[in-house]
Amino acid sequence: MDKTLIIFKPDCIKKQLLGTVLSRFEAAGFSVAGCKMMQLESELLRKHYSHIADQPFFPQIESFMASEPVVVMILEGKGVIEKVRLLLGPTDSTKAPAGTIRGDYGETVMINVVHASDSLESAEAEIKRFFCESDFIK
């Protein structure tokens with residue numbers, strides 16, 4: 001079964017859209033394989049965004065992502081990575097069509113409701129970054 005990491009971003013939590021967005025994922029046939037709420041710290045954010053951590057705009061991303069607790073989740077299902085990204089729409093919410101999650105609820109490139117892994121390799125690395133064995137019920 002394929003897995004992907006989802007982060008319900010601070011705007012999603014603040015706007016009380018967690019249940020709405022999760023229900024869209026569940027309606028698409030995906031299951032929750034792990035879930036927790038956490039406050040993102042600078043060290044974790046720098047690892048997660050290492051590909052852009054040296055960019056001049058990174059402090060804004062770091063500040064936004066640390067501004068409120070987030071919910072991190074592992075979704076699983078056949079083709080979950082590609083299908084979730086289609087449900088979300090483009091990263092830039094201003095370019096996301098109505099009917100996509102970002103098109104319906106996002107505002108900008110950064111304030112776009114949900115992060116989702118973009119490949120199998122990213123999903124594996126991101127799941128390991130945010131979850132450990134002790135997070136799961138045996």
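## Gln60 and helix H4

In this predicted model, Gln60 sits in helix H4, which covers residues 58-65. With a relative accessibility of 53%, Gln60 counts as exposed, because the cut-off for that class is over 50%. If you want a sense of distance across the fold, take Gln60 together with Gly19: their C-alpha atoms are 27 Å apart in space, and 41 residues separate them in sequence.

Helix H4 also carries Glu62, which pairs with Arg46. The side chains of Arg46 and Glu62 form a salt bridge, with an N to O distance of 3.7 Å. This pair links distant parts of the chain, with Arg46 in helix H3 (residues 42-48) and Glu62 in helix H4, 16 residues apart. How accessible are the two partners? Arg46 is partly exposed, at a relative accessible area of 38%, while Glu62 counts as buried at 14%.

## The chain as a whole

Stepping back, the chain has seven helices and four strands. Reading from the N terminus, the order of elements is β-α-α-β-α-α-β-α-α-β-α.

How do the overall dimensions fit the chain length? A compact globule of 138 residues would have a radius of gyration near 14 Å, and the chain agrees with that, at 14 Å. The C-alpha trace spans about 40 × 40 × 25 Å along its principal axes. Of the 138 residues, 42% count as buried. Contacts reach far along the sequence too: among those between residues at least 6 apart, 73% join residues at least 24 apart.

## Two nonpolar cores

In soluble globular proteins, nonpolar side chains tend to be buried together. Here, the largest nonpolar core has 20 residues, and the members that touch the most others are Ile6, Phe8, Val21, Phe25, Leu75, Val84 and Val114. Several elements supply at least two residues each to this core: strand E1, helix H2 (18-27), strand E3 (70-76), helix H5 (80-88) and strand E4 (114-116). Helix H5 gives the most, with four residues.

Leu75 is a handy residue to centre your view on. Leaving out residues up to four places away in sequence, Leu75 touches Asp2, Lys3, Thr4, Ile6, Phe25, Phe30, Ser31, Val32, Val80 and Val84. Apart from the largest core lies another one, made of 19 residues, with Met38, Tyr49, Val70 and Ile127 among them.

## One side of helix H2

Helix H2 has Val21, Leu22 and Phe25 as buried residues. Why do these three lie on the same side of H2? They cover an arc of only 100° around the helix axis, which puts them on one side. The general geometry is familiar: an α-helix has 3.6 residues a turn, so residues three or four places apart point the same way. Just after H2 comes Gly29, which takes a positive phi of about 100°.

## A buried lysine

Lys9 is placed in the loop between strand E1 (3-8) and helix H1 (10-14). Which side chain of opposite charge is nearest to Lys9? That is Asp11, 6.1 Å away, and Lys9 is buried yet has no salt bridge.

What surrounds Lys9 instead? Not counting residues up to four places away in sequence, Lys9 touches Tyr49, Phe64, Met65, Val70, Met110, Asn112, Val113, Val114 and His115. Two of these neighbours are familiar from the cores: Val114 was named in the largest one, and Val70 belongs to the other.

## Salt bridges from Lys14 and Lys15

The structure holds six salt bridges. One of them joins the side chains of Lys14 and Glu68, at 3.8 Å from N to O. Lys14 lies in helix H1 and Glu68 in the loop between H4 and E3, so this pair ties together parts that are 54 residues apart in sequence. Lys14 is exposed, with a relative accessible area of 63%, whereas Glu68 counts as partly exposed at 25%.

Lys15 forms a salt bridge as well, with Glu107, where the closest N and O atoms are 2.7 Å apart. Here the linked parts of the chain are 92 residues apart: Lys15 is in the loop between H1 and H2, and Glu107 is in the loop between helix H6 (101-105) and E4. Lys15 counts as partly exposed, at 35% relative accessibility, and Glu107 also counts as partly exposed, at 41%.

Methods. Residues numbered from 1 in each chain as written. Predicted model: local features only at pLDDT ≥ 70, side-chain atom pairs only at ≥ 80, totals over all residues. Heavy atoms only, no water. Buried < 20%, exposed > 50% of the residue type's maximum accessible area, 1.4 Å probe, protein only. Lys, Arg positive; Asp, Glu negative; His and termini not counted. Salt bridge = Lys/Arg side-chain N within 4 Å of Asp/Glu carboxyl O. Contact = heavy atoms within 4.5 Å. Core = buried A, V, L, I, M, F, W, Y, C linked by side-chain atoms within 4.5 Å. Arc of directions from axis to C-beta. Rg over C-alpha atoms; globule rule 2.2 N^0.38 Å.
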